[in-house]
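Here's a quick briefing to read with the structure open beside you. It goes topic by topic, so feel free to jump around.

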Amino acid sequence: MIGKGVIKNVGDVAKSLGLSGKAYIFLGKTGRELATKYVLNSLTACGFDVVDNVRDEEELLRHAFDARPDFVVSVGGGTTIDLGKYAAFKLGVPFISVPTAASHDGIASPMVSLKVLKTPYSIKAKPPIAIIADVSVIMNAPHRLLASGCGDVLAKLTAVKDWRLAHMLKNEYYGEYAASLAEMSAKLVMKNAKLIGAHKEEGIRVVIEALVSCGVAMCIAGSSRPCSGSEHMFSHALDMIAPKPALHGEQCGVGTIMMAYLHGIDWKKIKEVLKVIGAPTTAKELGVEDEYIIRALVEAHKIRPRYTILGDTGLTWEAAERLARVTGVIE
Ligand SMILES: [Zn+2]
C-alpha cells in the first residue's frame with residue numbers, strides 16, 4: 001500500500017490479511033512518534049494486543065522472541081525493518097513493513113542485514129506480507145536517505161550485468177523476468193531523476209515503487225542476485241574497511257559508476273543521474289578517504305562466493321587505483 005496517510009491503516013491491513021492476536025512492534029527513532037500516534041492506535045482499534053520497545057539489537061531480538069507475538073510490525077528505517085523481518089522469520093510469523101524512509105531495497109525484500117548476524121552481506125529471510133509506505137512520512141525524511149535509495153536502485157544496472165556474466169561463464173541460474181524487473185526499476189529512477197532531485201512527490205513515489213519492485217525481483221529469483229553484484233560487494237568491503245562508512249545506497253551508487261566502467265556500459269550517464277538526484281559520486285562526497293576506496297575495490301571479490309566482473313582473483317592495486325581515478329571517484 002503506497003499513498004498519503006496510509007500509515008493509519010496498519011490495523012485494517014493486518015485484519016484484512018486474516019491476522020489476529022498479539023502484534024510486536026519494532027520502532028526506529030522516527031518510527032517511535034509515528035507508531036505511537038498512528039500505528040498503535042490503529043492496531044488497538046482493530047482489537048490487537050500490542051507490545052513495543054526500543055533497545056539494542058541483541059536485547060531487542062530476545063525481547064521480541066520472549067513476547068511470542070502472532071505477527072511483527074516494523075516502523076522505521078533500514079535497521080528497524082531488518083530487525084522486525086529477522087524476528088518474524090525466526091518466530092515463523094508474518095511481518096508487516098512500515099518504512100519511514102526510502103533509503104534501500106530492504107523495505108520489501110526477503111533479505112536481512114544485521115550486525116548481530118556477523119556476515120558482511122545480507123542473508124535470506126522471508127519477505128513482508130504487507131508493505132505500508134506512507135508517502136507523506138517518507139517525504140519528510142531527509143533527502144539524503146531518498147538519494148541513497150536511488151543509489152541502491154541504480155546498482156541493479158551492474159548487478160544484472162554481473163548475474164548474466166555468472167550465467168554465461170559459470171552456468172549459474174539466471175532468470176530473465178527477475179533481471180528485467182530489477183533493470184526496469186533502475187531505468188525508471190533514471191528517467192525521473194529531476195523530479196527525485198527536486199524532492200517532488202511524484203519522484204518519491206517512483207523511488208518507493210522501484211524499491212518494492214526490486215524486493216519482488218529478489219523473491220522471484222529466490223536470491224539477491226538481480227539486485228546485488230560487484231557494486232554491492234564494493235560497498236560491503238567499504239563497510240568493513242572504512243572507519244566511517246557512508247550510507248549503504250550511497251556507497252552502492254559510487255560502486256555502480258566504477259563497475260559500469262568495467263562492464264563497458266555508460267558509466268558517465270549513471271554518474272550524471274546520481275548528481276541530478278543529489279547522491280554522492282566521489283570519495284570526498286562519501287566522506288571516505290581515497291585509500292579506503294582502492295582497498296575496498298581490491299578486497300571486494302572476497303566478500304562472498306559470488307561471481308562478478310571482478311572475477312575470481314579481483315583487481316590489482318594499480319588497476320583499482322586507475323579505475324577509481326578514470327571514473328573521477330578519486331582525484
Ligand atoms: Zn542494496
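**Aromatic pairs and a charge over a ring**

Let's start with Tyr261, which counts as partly exposed because its relative accessibility is 34%. Keep in mind that this is a predicted model.

- The aromatic pairs come to 5.
- In one of them, Trp163 and Tyr174 meet edge-to-face, with 4.9 Å from centre to centre and 65 degrees between the planes.
- Trp163 belongs to helix α7 and Tyr174 to the loop between α7 and α8, so this pair ties together parts 11 residues apart in sequence.
- Trp163 is buried, at a relative accessible area of 1%, and Tyr174 is buried too, at 16%.
- Tyr261 and Trp267 form another edge-to-face pair, at 5.9 Å centre to centre with 70 degrees between the planes.
- Buried or partly exposed: which is Trp267? With a relative accessibility of 15%, Trp267 counts as buried, while its partner Tyr261 is partly exposed.
- Trp163 and Tyr174 also join Tyr173 in one aromatic cluster.
- Over at Tyr121, the charged end of Arg304 sits over the ring, 4.1 Å from the ring's centre.

**The zinc site**

- Which residues coordinate the zinc ion? They are Asp152 through OD, His232 through NE2 and His248 through NE2, at 2.1 to 2.2 Å.
- Written as a sequence pattern, the donor residues are spaced D-x79-H-x15-H.
- Asp152 comes from helix α6 and His248 from helix α12, so these two tie together parts of the chain that are 96 residues apart in sequence.
- Asp152 is buried, at 0% relative accessibility.
- His248 is partly exposed, at 24% relative accessibility.

**Nonpolar cores**

- The largest nonpolar core is made of 33 residues, and Val189, Ile208 and Ile277 have the most contacts inside it.
- Elements giving two or more residues to this core are α5 (135–140), α6 (143–154), α8 (176–191), α9 (193–197), α10 (201–221), α12 (248–263) and α13 (267–277).
- Which element gives the largest share? That's α10, with 7 residues.
- If you skip neighbours within four places in sequence, Val189 touches Cys150, Val153, Leu154, Ile196, Val206, Ala210 and Ile277.
- Another core, of 28 residues, lies apart from this one; Ala237, Met258, Leu297 and Ala324 are among its members.

**Helix α13**

- The buried residues in α13 are Trp267, Ile270, Lys271, Val273, Leu274 and Ile277.
- Looking down the axis of α13, you'd see these buried residues fall within an arc of 160 degrees, so they line one face of the helix.
- Why might positions three or four apart end up on one side of a helix? An α-helix has 3.6 residues a turn, so residues with that spacing point the same way.
- The cover over the buried residues of α13 includes α6, α7 (156–170), α8, α9, α12 and α16 (317–326).
- Right behind α13 comes Gly278, with a positive phi near 95 degrees.

**Helix α16**

- Ala320, Leu323 and Ala324 are buried in α16.
- These residues cover an arc of only 95 degrees around the axis, which puts them on the same side of α16.
- What do the buried residues of α16 pack against? They pack against α12 and α15 (290–299).
- On the face turned away from the buried side, α16 carries the exposed residues Glu318 and Arg322.
- Ala324 is also one of the residues in the 28-residue core.
- Just after α16, Gly328 has a positive phi of about 75 degrees.

**A buried acid in α4**

- Asp82 lies in helix α4, which spans residues 78–91.
- Asp82 counts as buried because its relative accessible area is 5%, and the cut-off for buried is under 20%.
- Leaving out neighbours within four places in sequence, Asp82 is in contact with Met111, Val112, Ser113 and Leu114.

Notes: Residues are numbered from 1 along each chain as its sequence is written. This is a predicted model: local features need pLDDT of at least 70, side-chain atom pairs count only at pLDDT 80 or more; totals for chains, interfaces and linings use all residues. Side-chain values use heavy atoms; hydrogens and water are left out. A nonpolar core is a set of buried Ala, Val, Leu, Ile, Met, Phe, Trp, Tyr and Cys residues joined through side-chain atoms within 4.5 Å. Buried means under 20% relative accessible area, exposed over 50%, partly exposed in between (1.4 Å probe, protein chains only). Helices (H or I, at least four residues) and strands (E, at least two) are DSSP runs, numbered from the N terminus. Contact means heavy atoms within 4.5 Å. Donors are N, O and S atoms within 2.8 Å of the metal (3.2 Å for Na, K and Ca); water is not among the atoms, so sites may look incomplete. The arc is that of the directions from the helix axis to the C-beta atoms. Rings of Phe, Tyr and Trp (its six-membered ring) pair if their centres lie within 6.5 Å; planes under 30 degrees apart count as stacked, over 60 as edge-to-face and the rest as tilted. A charge sits over a ring if NZ of Lys or CZ of Arg is within 6 Å of the ring centre and within 35 degrees of the ring normal.
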